[in-house]
Amino acid sequence: SFRGCDLRASGGIVEGMNTLNVALKEWDLVVSDLLAGRQAILLRKGGILEAENEFALEHHRFLFWPTYVHQDPAMTKPERRRELKRAATEPGEVMIRGYGEVAKIFEVPREGGRAKVDRLFDMHLWDVPLIDMRFAYRAEKPLYVVVVRAYRLPEAVRVENTAEYAGCKSWVPLGREIDVSGAEPAMADDNFTAILERVRSTLTT
């Protein structure tokens, strides 16, 4: 289990913690894939905490905040590009459709790391240029693969996209609590366990 988090309750929600008030910005298409059970990994450069030989994000559980402006067809596999919804500006209202819970974070090794990440190519929608960019950006910093369990809310929640939420920042601290009770896992337990173990074996052996 992930350090410092109690996942004993069904659906990964601890009793008394059925609301969330922080969201992670991610491409709308990635959010859709996470919530459809088609993807369970994110790539991160920075923003990773380390303690007791474990890695952690600033927030272990978080809502998904879909973004549109930076969705780039050149960074997406050709067969998925037609699904991208492009926009010149972010919408005035955002539909919160689900949340994620970190299962494990793996540091990509410096030696042979690119080849290992390439072996996970079928597990996400990004094309080679995005992987290139993630390795090149702040090259002195390690790249991390975050395995995330996604949960779909029973009904999407509409949130006003205020100026406070704008800008190039990963985390959106919401001015309200979002009820996540009744959320359903996007992926069957066996499938998610298989993905977690595949990422583990790929990046650590």
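**Salt bridges and overall fold**

R200 has a relative accessible area of 30% and is therefore partly exposed, a class that lies between buried (under 20%) and exposed (over 50%), with a 1.4 Å probe and protein chains only. The model is predicted, so that local features need pLDDT of at least 70 and side-chain atom pairs pLDDT 80 or more, whereas totals for chains, interfaces and linings use all residues. Residues are numbered from 1 along each chain as its sequence is written, and side-chain values use heavy atoms, with hydrogens and water left out.

**Exercise 1.** Describe the salt bridge between E197 and R200 and its setting.

*Solution.* Begin with the distance: the side chains of R200 and E197 meet at 3.3 Å, N to O, which satisfies the criterion of a Lys or Arg side-chain nitrogen within 4 Å of an Asp or Glu carboxyl oxygen. Next, place the pair in helix 4 (residues 189-204), where E197 and R200 are three residues apart and therefore separated by about one helical turn; helices are DSSP runs of H or I with at least four residues, and strands are runs of E with at least two, numbered from the N terminus. Finally, consider E197, which counts as partly exposed because its relative accessibility is 38%. Elsewhere, D33, R38, R80 and E83 are joined into one network by salt bridges that share partners.

**Exercise 2.** Determine which parts of the chain are tied together by the pair E101 and R61.

*Solution.* Start from the closest N and O atoms of this salt bridge, which are 3.2 Å apart. Then locate the two residues: R61 belongs to strand 5 (residues 61-67) and E101 to strand 6 (residues 93-107), so the salt bridge links parts that are 40 residues apart in sequence. As a last step, check the burial of the pair, and find that E101 and R61 are both buried.

**Exercise 3.** Characterise D33 and its salt bridge with R38.

*Solution.* First, read the N to O distance between the side chains of D33 and R38, which is 2.8 Å. Then turn to accessibility, where D33 counts as buried because its value is 2%. Across the whole structure, a search finds 12 salt bridges.

**Exercise 4.** Summarise the secondary structure and the dimensions of the protein.

*Solution.* Count four helices and nine strands, and follow their order from the N terminus, which is β-α-β-β-β-β-β-α-α-β-β-β-α. For the dimensions, note that the C-alpha atoms fill a box of roughly 45 × 40 × 30 Å along the principal axes. To finish, take burial into account: 47% of the 205 residues are buried.
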